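Hi,

Here is the structure I said I would pass on. Have a look at it first, and then read my notes underneath.

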Amino acid sequence: MLLNWTVMILYNYFSAMFVGPGYVPLGWTPEKSQDCMYLQYCKVCQSYKAPRSHHCRKCNRCVMKMDHHCPWINNCCGYQNHASFTLFLLLAPLGCIHASFIFVMTMYTQLYNRISFGWSSVKIDMSAAKRDPRPIIPFGLSAFAASLFALGLALGTTIAVGMLFIIQMKVILTNKTSIESWIEEKAKDRIQYYQTGETFIFPYDTGSKWKNFRQVFTWSGIPEGDGLDWPVRDGCHQYSLTIEQLKQKADKRVRSVRYRAIEDYSGVCCPVTKGVKTFFTTPCTEEPRIALSKGDLILATRGLKHWMYGEKILDSATDGGIRERGWFPRKCVEKCQYDSETDQPVDGEKKNR
């Protein structure tokens with residue numbers, strides 16, 4: 001049984017790694033040209049982003065139904081390998097639970113006749129088992145320490161990977177991805193901020209957990225659909241989610257605040273020269289840092305107490321300008337006189353827009 005766990009874990013692990021998530025074909029456009037107005041255009045892939053697809057900076061491609069980029073499989077988790085990745089997250093804790101049971105029973109049976117209880121102390125004789133015949137595999141102090149260490153690893157893996165499995169199952173049963181859950185949260189925030197009275201309904205949730213489950217897990221191992229077109233629930237548009245993404249992109253530009261660099265920053269993750277607080281509060285994320293030179297303009301979209309995230313304007317302030325996005329220390333920049341991208345005063349303007 002333990003070998004069976006090992007084979008299934010490795011099979012699903014390497015399937016998730018080498019099968020990959022599936023990528024939007026380079027140069028892809030929707031069948032109807034008028035549908036292009038509902039989609040975002042990827043300049044890197046030179047194609048439109050299909051519904052539920054996102055561009056991955058690590059893979060440098062637009063990934064179909066992208067959930068996240070996993071460093072453990074050195075690939076994205078998406079349309080084609082979502083089932084294999086989730087099965088790996090299920091089988092790894094089950095195999096570790098089985099291994100933990102073996103370790104516990106091994107230590108119990110080996111220590112049963114070695115422990116003596118006194119009035120004030122407990123003694124363990126690790127020299128040899130007090131029985132005849134002697135065990136085939138001696139269980140000494142080194143074996144006990146190795147078994148205890150392996151038990152800790154097995155229990156730690158069970159808890160850590162098991163929590164990831166629960167998170168993945170929650171999004172699968174609602175037919176979402178981790179990115180789409182975040183988009184839904186931002187949609188609620190946008191509607192509440194502007195008080196538009198809209199109601200955002202996630203279009204891909206069929207309303208049945210079983211149907212949502214079957215879109216990922218099939219007997220053939222091949223997920224339903226082609227990764228480009230997706231069935232939507234009644235009352236929703238085929239491009240409801242992409243339209244919401246365009247609204248959020250426009251809203252991000254409205255809310256962005258313009259800053260000017262007053263200090264140079266090399267782009268390192270933990271800068272020593274920018275203060276102790278900046279050094280120890282560096283964002284725990286795979287998102288990049290951007291190098292700054294004195295006088296650079298940055299459009300900040302979000303931030304922490306000592307760090308900010310934004311886009312550095314490299315070419316011009318127009319929509320077609322080239323921008324580089326990433327984190328930078330807050331103390332390296334100062335707010336410009338006008339903090340919207342359109343160089344207009346913001347007093348009372350953001351709320352109206």
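Before anything else, a word on terms: two residues are in contact when they have heavy atoms within 4.5 Å of each other. With that in hand, among the contacts in this chain between residues at least 6 apart in sequence, 62% join residues at least 24 apart. Please keep in mind as you read on that this is a predicted model.

Some overall numbers, since you are new to this one. The chain has 353 residues, and 42% of them count as buried. You will find eight helices and 13 strands in it. Its accessible surface is about 20,600 Å², and carbon and sulfur atoms account for 61% of that.

Now to the strands, beginning with E9. This strand covers residues 257–261, and it pairs with E10 (residues 297–303) in the antiparallel sense, over four bridges. If you want to find the pairing on screen, look for Val257, whose bridge partner in E10 is Ala300. Arg260 is another handle, as it stands opposite Leu297 of E10.

E9 also pairs with E13 (residues 333–335), again antiparallel, through three bridges. There, Ala261 has Val333 as its bridge partner. Strand E9 is mostly covered, with four of its five residues buried. As a general reminder for when you look at side chains here, those of a regular strand alternate between the two faces of the sheet.

From E10 you can carry on to E11 (residues 307–313): the two run antiparallel and are joined by five bridges. The link between E10 and E11 is a hairpin of three residues. One pair to pick out is Arg302 with its bridge partner Tyr309 in E11.

Next, the empty space. Rolling a probe the size of a water molecule over the atoms is what shows where such space is left. How many cavities of 30 Å³ or more does a search of the whole structure find? The search finds one. The largest cavity holds about 40 Å³ of space. Its lining is made up of Gln40, Lys49, Ala50, Ser53, Thr242 and Gln245. By type, that lining divides into one nonpolar, four polar and one charged residue.

There is a pocket to look at as well. The second largest pocket has a volume of about 360 Å³. It is lined by 17 residues, and those closest to its centre are Ala83, Leu87, Thr218, Trp219 and Gly221. Helix H1 (2–19), helix H2 (82–111) and helix H5 (209–216) each give at least two residues to the lining of this pocket. Sorted by type, the pocket lining comes out as nine nonpolar, seven polar and one charged.

One last residue, then. Cys96 sits in helix H2. Is Cys96 buried or exposed? With a relative accessible area of 16%, Cys96 is buried, because the cut-off for that word is under 20%. Leaving out residues up to four places away in sequence, Cys96 touches Ala154, Thr157 and Thr158. It is also worth finding Thr6 on your screen: Cys96 and Thr6 are 90 residues apart in sequence, while their C-alpha atoms are 9.8 Å apart in space.

That's everything from me for now.

Best wishes

Notes. Residues numbered from 1 in each chain as written. Predicted model: local features only at pLDDT ≥ 70, side-chain atom pairs only at ≥ 80, totals over all residues. Heavy atoms only, no water. Pairing = 2+ DSSP bridges. 1 Å grid on protein atoms, 1.4 Å probe; cavity = no way out; pocket = protein on both sides within 12 Å on 5 of 7 lines; lining within 4 Å. Points joined across faces, edges and corners; volume = space filled by probe spheres on them. Nonpolar A, V, L, I, M, F, W, Y, C, P; charged D, E, K, R; others polar. Buried < 20%, exposed > 50% of the residue type's maximum accessible area, 1.4 Å probe, protein only. Areas by Shrake-Rupley, 256 points an atom, 1.4 Å probe, with all protein chains shown as cover.
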